[in-house]
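Let's take a walk through this protein together, one feature at a time. Please have the model open and ready to rotate as you read.

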Amino acid sequence: MTNRLTATLLTLGLLGCNAMTMASPAPGAPAPGFSGVDSQGNTIDLSDFAGKRVILEWTNHDCPYVKKHYETDTMQQLQRDMTADDVVWVTVISSAPGKQGYVSASRANELTDTRDAAPTHVILDPEGTIGRSYDARTTPHMFLIDEEQTLQYMGAIDDKPSARHSTVNGAKAYVRLAYAEVESGAEVSEPSTRPYGCSVKY
């Protein structure tokens, strides 16, 4: 359902509040709010980060596409570069219990340590509530939110939809490019791209 049709039906009173909360996220629109518990046991709310840029990364450590970006240090370097610029990096694990990629909090922390990852928070979303609110489809699936909590980018990390490690070389880094444009005050030239990877295991 398009945003325009949703707004029209809401105006006519044909849809309730739930329809608004189920609207798909869109660049230029407010980022869907969320609250979740991170791997350290802290409750994290998107509103906590008002005034800061936020990157959301959907992950599944057993996914070959995720492994490509972590085993080549591509994801960790992006995390380090972004957090060094005071960006809040939130890694989200939406795999359901019994599904590929599901982890306990302790296992999530172990993965962060052993992979030398540098997220600000790792949120556990086993019920898929946050994942579905963002229509997260793949691992990885990336989102960039600005200081006004407006969604500026959603989609793939780069333009190489392959699990082969060699494809990180020369890839067009969509997230880096979108961030640089937001940083410069320019409009994001490619605000939405097609994500690639393993399906999120809801």
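Which residue lies over the face of Tyr70? It is Arg115, at 3.8 Å from the ring centre. Before going further, keep in mind that this is a predicted model. A second arrangement of this kind can be found at Tyr202, where Arg132 lies over the ring face at 4.5 Å from the ring centre.

Arg115 is a handy place to start, as it also takes part in an enclosed space. The count comes to one cavity of 30 Å³ or more, and about 120 Å³ of space lies in the largest cavity. Its lining is made up of 16 residues, and Arg115 is among those nearest the centre, together with Thr59, Thr91, Ile93 and Leu111. If you look for the secondary structure around this space, you will find that β4 (88–93) and α5 (105–114) each supply at least two residues of the lining. Helix α5 gives the most, with three residues. In chemical terms, the lining of the largest cavity has eight nonpolar residues, seven polar residues and one charged residue.

Now let's turn to the aromatic residues. The structure holds six aromatic pairs. One of them joins Trp58 and Tyr134 in a tilted arrangement, with 5.8 Å from centre to centre and 40° between the planes. Why does this pair tie together parts that are 76 residues apart in sequence? Trp58 lies in strand β3 (residues 54–58), whereas Tyr134 sits in the loop between α6 (129–133) and β6 (138–139), so the contact links those separate parts. Both Trp58 and Tyr134 are buried.

These two rings belong to a wider group: ring pairs link Phe34, Trp58, Tyr134 and Phe143 into a cluster. Phe34 is found in the loop between α2 (17–21) and β1 (35–38). Is Phe34 buried or exposed? Its relative accessible area is 7%, so Phe34 counts as buried, the cut-off being under 20%. You can also follow Phe34 to a distant part of the sequence: Gly131 is 97 residues away along the chain, yet the C-alpha atoms of Phe34 and Gly131 are separated by 9.7 Å.

The remaining member of the cluster, Phe143, leads us to a hairpin. Phe143 stands opposite Met154 in β8. Strand β7 (residues 141–145) runs antiparallel to β8, and four bridges join the two. Between the strands of this hairpin are five residues, and here Gln149 takes a positive phi near 65°. Strand β8 (residues 151–155) is mostly covered, with five of its five residues buried.

Our last stop is an open space, the second largest pocket, which has a volume of about 190 Å³. Its lining includes Thr74, Gln77 and Leu78, along with Ile157, Asp158 and Val168, and also Ala171, Lys172, Ala173, Val175 and Arg176. The elements that give two or more residues to this lining are α4 (74–84) and α7 (174–184). Helix α4 gives the most, with three residues. Sorted by class, the lining of the second largest pocket has six nonpolar, two polar and three charged residues.

Notes:
Residues numbered from 1 in each chain as written. Predicted model: local features only at pLDDT ≥ 70, side-chain atom pairs only at ≥ 80, totals over all residues. Heavy atoms only, no water. 1 Å grid on protein atoms, 1.4 Å probe; cavity = no way out; pocket = protein on both sides within 12 Å on 5 of 7 lines; lining within 4 Å. Points joined across faces, edges and corners; volume = space filled by probe spheres on them. Nonpolar A, V, L, I, M, F, W, Y, C, P; charged D, E, K, R; others polar. Buried < 20%, exposed > 50% of the residue type's maximum accessible area, 1.4 Å probe, protein only. Pairing = 2+ DSSP bridges. Phe/Tyr/Trp six-rings, centres within 6.5 Å; stacked < 30°, edge-to-face > 60°. Lys NZ or Arg CZ within 6 Å of the ring centre and 35° of its normal.
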